[in-house]
Amino acid sequence: QVQLVESGGGLVQAGGSLRLSCAASGRDFSTYVMGWFRQAPEKEREFVARIMWSDSMTDYADSVKGRFAISKDISKNTVYLQMVSLKPEDTAVYYCAAGQYWSDDSAKYIYWGQGTQVTVSS
């Protein structure tokens with residue numbers, strides 16, 4: 001099993017910044033895809049960003065391109081999501097996930113963290 005723990009969420013005003021962290025442990029995940037997803041109340045879970053442990057390949061949802069950046073620190077087994085220019089519509093619970101496929105489909109990810117709340121006020 002792979003255990004994922006998110007942190008770094010909070011309340012921020014529109015235009016502000018936050019950095020989310022996802023600490024991974026357990027089963028060897030060095031070949032996995034790591035993704036960030038978000039889910040607002042009563043809405044579908046939405047892809048945000050993804051990155052591979054094995055190389056620098058990244059991808060982003062159109063809604064966050066130019067504002068969010070996914071990165072990793074292999075020595076710390078941690079994936080980050082740097083968020084700038086936050087908007088009220090970014091408000092959601094943000095989840096870290098791990099899977100075996102290079103995909104933006106949440107169903108392709110096997111392991112999930114518990115989520116961290118991001119709230120952006122107008």
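**Strand β3, its sheet and the disulfide**

Ser21 is found in strand β3 of this predicted model. With a relative accessibility of 16%, Ser21 falls under the 20% limit and therefore counts as buried. Apart from its neighbours within four places in sequence, Ser21 is in contact with Val5, Glu6 and Ser7, with Trp36, and with Thr78, Val79 and Tyr80.

The strand that holds Ser21 belongs to an open sheet of four strands, arranged in the order β1-β3-β8-β7 with antiparallel pairing. The edges of this sheet are formed by β1 (2–7) and β7 (68–73), each of which pairs on one side only. From one strand to the next, the twist averages 20°. Strands of a sheet pair through backbone hydrogen bonds, in either a parallel or an antiparallel manner. Between strand β3 (residues 18–26) and strand β8 (residues 78–83), the antiparallel pairing extends over six bridges. Arg19 has Gln82 of β8 as its bridge partner.

Strand β3 also contributes a cysteine, Cys22, to a disulfide with Cys96, in which the sulfur atoms lie 2.0 Å apart. The count for the model comes to one disulfide. The link between Cys22 and Cys96 is left-handed, with -75° about the S-S bond. Because Cys22 lies in strand β3 and Cys96 in strand β9 (residues 92–99), the pair ties together parts that are 74 residues apart in sequence. A disulfide is a covalent bond joining the sulfur atoms of two cysteines. Both Cys22 and Cys96 are buried, and Ser21 likewise counts as buried.

Notes: Residues numbered from 1 in each chain as written. Predicted model: local features only at pLDDT ≥ 70, side-chain atom pairs only at ≥ 80, totals over all residues. Heavy atoms only, no water. Pairing = 2+ DSSP bridges. Helix = DSSP H or I, 4+ residues; strand = E, 2+ residues; numbered from the N terminus. Axes fitted to C-alpha atoms, helices over the stretch in contact; angles between N-to-C directions. Buried < 20%, exposed > 50% of the residue type's maximum accessible area, 1.4 Å probe, protein only. Contact = heavy atoms within 4.5 Å. Disulfide = S-S within 2.5 Å.
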